[in-house]
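Hi everyone, thanks for coming. I'd like to walk you through one structure today, so please have the sequence and the 3D view open in front of you.

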Amino acid sequence: MCGIAGIYNKNGVATGREVIESMSEAIAHRGPDAAGFHIDACVQLASRRLSIIDLDAGAQPIYSPDKNLCIVYNGEIYNYKSLRKELAGSGYPFQTHTDTEVVLAAYSTWGPQCLNRFKGMFAIAVYNKKKKELFLARDRFGIKPLYFSELPDGSFLFASEIKALLRCPGLTRQLHPRAIDNMLTYGFNIAPHTFFENIHQVLPGRYITLSPGSRTEKEYWDIDLESPLILSEPDDLAAMLRERFAQSVEESLVADVPVAAYLSGGIDSSAVTGAYSRAGSETVKTITITFDDAGYDESMYSRTVSEAFRTENIEFRCEISPDDIRSLVYYLENPLVSLLNLPLFLL
């Protein structure tokens, strides 16, 4: 999962590591394998790592060859190997086999335009020492979270979770009424708002650049609603969807640790499991959540799918207590009018 956090102030960050270390500690559950820090005059960065790719050499932060650029990053870039090959062919001297360094090399080479080259999910923070410039970006659909706030002294705070921001002195905990209105109206809150008045989200498909002279926020991607419809026969469209779906699943399997598929027995997870089973020769591991209440339990369907694709299916029996709900709210941070997230949280 991983997590990132940071403090930026063009006029200088207060000396000492206590605050950034406390922010890192607040999201330690996101990255139990390693903690890393970058301390500079105008910025302090923290990374919590859950090792997925290049397990031995992927510690963050990672620096550019000239030590000018520094990155902390949460996510996974599924096409990083092809990008690495392209960048290495242009002369970039890679030191690791991580997708993190590929992201840094891509930003160093192409600037913000690199975001349109990435297939994956990400929250990125890159600091340019010479320019004293901080670059923040979030993936197209906002799969990876990225929150920020600004203090009266000019400090800009960001983190993968709100609880890390709340470790900063001077950040008040003031309720945002519109978030409650959104939750009661739609069943969930709407970005960029959170339930805190002065804490916001970086919107999906956007990036923010902070420098001593300016602050900009730009959209780098959105669904093109003006694009013409693909006019083809239904069978041709089905074949196109099948091909792209299979490719997407196969690209998502990139990891140096075992990958399992979540299998509920519904159409979407069954389709992913089927594509996964066809992508390689090894037996696919699947995980299913079961319930004692027959009204919620769908294990009969997941077992059927598992048998059809010959997966090694692991069943997780879900039992819910009031303390579990309290924990869910703590980690979710943006309440929902639903408990659908709770079984996945317990898993």
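Let's begin at strand β4, residues 62-63, which pairs with β5 in the antiparallel sense over 2 bridges. Before I go on, please keep in mind that this is a predicted model. Within that pairing, I62 sits opposite I71 of β5. The two strands make a hairpin, with 5 residues between them. Look at K67 in the turn: its phi is positive, at about 65°.

Now move along to β5 itself, residues 69-77. Is this strand mostly covered or mostly uncovered? Mostly covered: 8 of its 9 residues are buried. Besides β4, β5 also pairs with strand β6, residues 120-128, in the antiparallel sense and over 9 bridges. If you want a landmark there, find C70, which stands opposite Y127 in β6.

Let me stay with I71 for a moment. Leaving out residues up to four places away in sequence, I71 touches Q60, P61, I62, T100, V103, L104, I124, A125 and V126. I71 also belongs to the largest nonpolar core, which has 27 residues. Which members touch the most other members there? They are I71, I77, L115, F118, F122, I124 and V126. As for where the core comes from, β5, α2 (80-89), α3 (99-110), β6 and β7 (133-138) each supply at least two residues. The largest share, 6 residues, comes from α3. There is also a second, separate core of 20 residues, and Y147, L166, C168 and I199 are among them.

Two of the contacts of I71 deserve another look, namely Q60 and P61. The peptide bond joining Q60 and P61 is cis, with omega about 0°. P61 lies in the loop between β3 and β4. A cis bond turns up again from A191 to P192, where omega is near 10°. That proline, P192, is in the loop between α5 (177-186) and β10. Why point these out? Because most peptide bonds are trans.

On to the open sheet. It is formed by 6 strands in the order β2-β3-β1-β9-β8-β10, and the pairing is antiparallel. Which strands stand at the edges? They are β2 (34-39) and β10 (200-201); each has a single partner strand, so one side of each is left without a neighbour in the sheet. Inside the order, strand β1 (residues 3-8) and strand β3 (residues 43-49) run antiparallel and are joined by 6 bridges. Here G3 stands opposite R48 in β3.

Across this region lies helix α1, residues 18-26. The helix lies across β1, β2, β3 and β9 (156-159), and runs at about 155° to β1. A good residue to click on is S24, which is in helix α1. Is S24 buried or exposed? S24 is buried, because its relative accessible area is 2%, below the 20% cut-off. Not counting neighbours within four places in sequence, S24 is in contact with A35, F37, A46 and R48. With R48 there is also a side-chain polar contact of 3.3 Å. That is the R48 we just met opposite G3.

A quick stop at two loops further along. R310, in the loop between α8 (299-309) and β15 (312-317), has a phi near 55°, a positive value in a residue other than glycine. E333 has a positive phi too, about 70°, and is not a glycine either; E333 lies in the loop between α9 (322-332) and α10 (341-346). Their surroundings contrast: R310 counts as exposed, at 68% relative accessibility, whereas E333 counts as buried, at 12%.

Last, the cysteines, since someone at the bench usually asks. How many disulfides does the count come to? The count comes to 0. C2 is in no disulfide, and the nearest cysteine sulfur, that of C70, is 15 Å away. For C42, the closest cysteine sulfur is also in C70, at 14 Å, so the distance is too far for a bond. Both residues are covered as well: C2 counts as buried at 9% relative accessibility, and C42 counts as buried at 4%.

That's my tour, and I'm happy to take questions.

Conventions: Residues are numbered from 1 along each chain as its sequence is written. This is a predicted model: local features need pLDDT of at least 70, side-chain atom pairs count only at pLDDT 80 or more; totals for chains, interfaces and linings use all residues. Side-chain values use heavy atoms; hydrogens and water are left out. Buried means under 20% relative accessible area, exposed over 50%, partly exposed in between (1.4 Å probe, protein chains only). Helices (H or I, at least four residues) and strands (E, at least two) are DSSP runs, numbered from the N terminus. Two strands pair if DSSP finds at least two bridges between them. A nonpolar core is a set of buried Ala, Val, Leu, Ile, Met, Phe, Trp, Tyr and Cys residues joined through side-chain atoms within 4.5 Å. Contact means heavy atoms within 4.5 Å. Axes are lines fitted to C-alpha atoms, for helices over the stretch in contact, and angles run from 0 to 180 degrees between N-to-C directions. A polar contact is a pair of N or O atoms within 3.5 Å; within protein, one must be able to donate a hydrogen and the other to accept it, and residues adjacent in sequence count only if both atoms are side-chain atoms. A disulfide is a pair of cysteine sulfur atoms within 2.5 Å.
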